[in-house]
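Subject: Structure handover

Hello,

Here is the structure I promised to pass on. Please open it alongside this message.

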Amino acid sequence: MRVTQTMLTQTNLKHLSSSYNTLARVQEQLISGKRIQKASEDPVVAMQGIRYRTEVREVDQFRRNVSEATSWMDLTDSTLNEVTEAVKRIRELTTQAANDTYESSQRAIIKSEVDQLIEHIGSLANSKAGEKYIYNGTKTDQPLINVEQLKAYLANPAGSVDSIYESGTAPAASGEIEFEVSKGITVQVNMQPETVFGKELFEGLHKLTTLLKETTTTGADLSAELDTLDTLGQNLITERAELGARANRLELVDNRLQDHEIIAKTIMSDNEDIDVEKVIMELKSHETVHRAALSAGARIIQPTLLDFLR
């Protein structure tokens, strides 16, 4: 077969074009830091990349859920601590007022502080996390306590405890709010209102403030209310202990999610990202071959008339 100049030229240009494509591919890898730019370049890597990215996004969402749940629980624990301290202070005032040497005017002063503490407890029952009320079950858009009605209830010895609730009745089991913190794992973040701010709490405090108001009340009458206050305080401690157990579990889940996130991102990087040193060496190698091809081509292609006319 006779090899012509045209054949040599066409072959040279064909291989130079291929060399340019290779250089362009390696340069794109170096600039983007990724092995492939299109799924068609390596469908297996592309499919694995989609799966790993989905896993990373899931872990990110779970961690956001854990963060929100932790904030909710921290606020709940903080308010429960304030309620507990308020009940302790009411007990101290009751112990003080149980002395029969106290006159009605002195007990009236104590009653005034007790009423303020009860109103404070009522305002804590309307605590919010962002725009959500945290103590009204699934009715997060409605407050639990009507503070004005609570004031009226404290002033009326024959008042009904149902009137202080925004719904007009004492809360019952109103639903749990759960966050999904891992695949198939949910954690309850709210406290049930009937267990924390139920009618027993406000009825017990209402009876106490009524006794402080009556002039016939004796020290023994007030001392008898100390057991009720102790029971209320113990209930609050029990609820805080349960909340603390859930918060500890949430912390363990968060630690596991952190480890999972690191592993998932490492696997995704191994699948998609380039080995920079290796790509740089490959680029240098292709550049050397390309320059050699250009030099060889310049020798193979014969001079034209234009070259002689220069």
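My notes on the cores, the hairpin, one helix and the charged pairs follow. Please keep in mind that this is a predicted model.

**Nonpolar cores**

I began with the packing. In soluble globular proteins, nonpolar side chains tend to be buried together. The largest nonpolar core here has 55 residues. Ile90, Ile121, Phe197 and Phe202 have the most contacts inside it. The elements giving two or more residues to this core are α2 (43-97), α3 (104-124), α4 (147-155), β3 (178-182), α6 (199-213) and α7. The most comes from α2, with 13 residues.

Phe197 is a good place to centre the view. Leaving aside neighbours within four places in sequence, Phe197 is in contact with Val83, Ile121, Leu124, Ala125, Tyr135, Leu144, Tyr165, Pro171 and Phe202. There is also a second, separate core of five residues. Leu23, Val26, Val279 and Leu283 are among them.

**Helix α3**

Next, α3. This helix has 21 residues. From first C-alpha to last it reaches 30 Å, close to the 30 Å expected at 1.5 Å a residue. Its buried residues include Ile110, Val114, Leu117, Ile118, Ile121 and Leu124. Charged side chains are on that list too: Arg107, Lys111, Asp115 and Glu119 are buried. What do the buried residues of α3 pack against? They pack against α2, α4, α6 and α7.

**The β3/β4 hairpin**

Strands β3 and β4 (residues 185-188) run antiparallel, joined by four bridges. Ser182 has Ile185 as its bridge partner in β4. Phe179 stands opposite Val187, also in β4. Two residues sit between the strands. Gly184 takes a positive phi near 80° in this hairpin.

**Along helix α7**

Four residues of α7 come up below, starting with Arg246.

Arg246 lies in α7, which covers residues 219-272. With a relative accessible area of 13%, Arg246 falls under the 20% cut-off and is therefore buried. A polar atom of its side chain lies 2.7 Å from the backbone oxygen of Gln188. Beyond its neighbours within four places in sequence, Arg246 is in contact with Met73, Gln188, Val189, Asn190 and Met191.

Met268 is in α7 as well. Its relative accessible area is 16%, so Met268 is buried. The C-alpha atoms of Met268 and Gly49 are separated by 6.4 Å, although the two residues are 219 apart along the chain. Leaving aside neighbours within four places in sequence, Met268 is in contact with Tyr52, Arg53, Val56 and Asp273.

Ile237 also has its place in α7. Is Ile237 buried or partly exposed? Its relative accessible area is 45%, so Ile237 is partly exposed. The C-alpha atoms of Ile237 and Arg63 are separated by 29 Å, with their positions 174 residues apart along the chain.

**Salt bridges**

Side chains of opposite charge can pair when their charged atoms come close. A search of the whole structure finds 15 salt bridges. Some details on three of them:

- Arg63 pairs with Glu261, the closest N and O atoms being 2.9 Å apart. This pair links distant parts of the chain: Arg63 is in α2 and Glu261 in α7, 198 residues apart. Arg63 counts as partly exposed, at 28% relative accessibility. Glu261 counts as buried, at 12%.
- Arg240 pairs with Asp77, with 3.2 Å between the closest N and O atoms. Arg240 lies in α7 and Asp77 in α2, so this pair ties together parts that are 163 residues apart in sequence. Arg240 is partly exposed at 24%. Asp77 is partly exposed too, with a relative accessible area of 29%.
- Glu261 pairs with Lys265, the closest N and O atoms being 3.4 Å apart. Both residues lie in α7, four residues apart, about one turn of the helix. Lys265 is partly exposed, at 39% relative accessible area.

Which residues are linked in a network of salt bridges? Arg63, Asp254, Glu261 and Lys265 are.

That is my list.

Best wishes

Notes. Residues numbered from 1 in each chain as written. Predicted model: local features only at pLDDT ≥ 70, side-chain atom pairs only at ≥ 80, totals over all residues. Heavy atoms only, no water. Buried < 20%, exposed > 50% of the residue type's maximum accessible area, 1.4 Å probe, protein only. Polar contact = N/O pair within 3.5 Å; in protein donor to acceptor, adjacent residues only side chain to side chain. Contact = heavy atoms within 4.5 Å. Core = buried A, V, L, I, M, F, W, Y, C linked by side-chain atoms within 4.5 Å. Pairing = 2+ DSSP bridges. Expected span 1.5 Å × (residues − 1). Salt bridge = Lys/Arg side-chain N within 4 Å of Asp/Glu carboxyl O.
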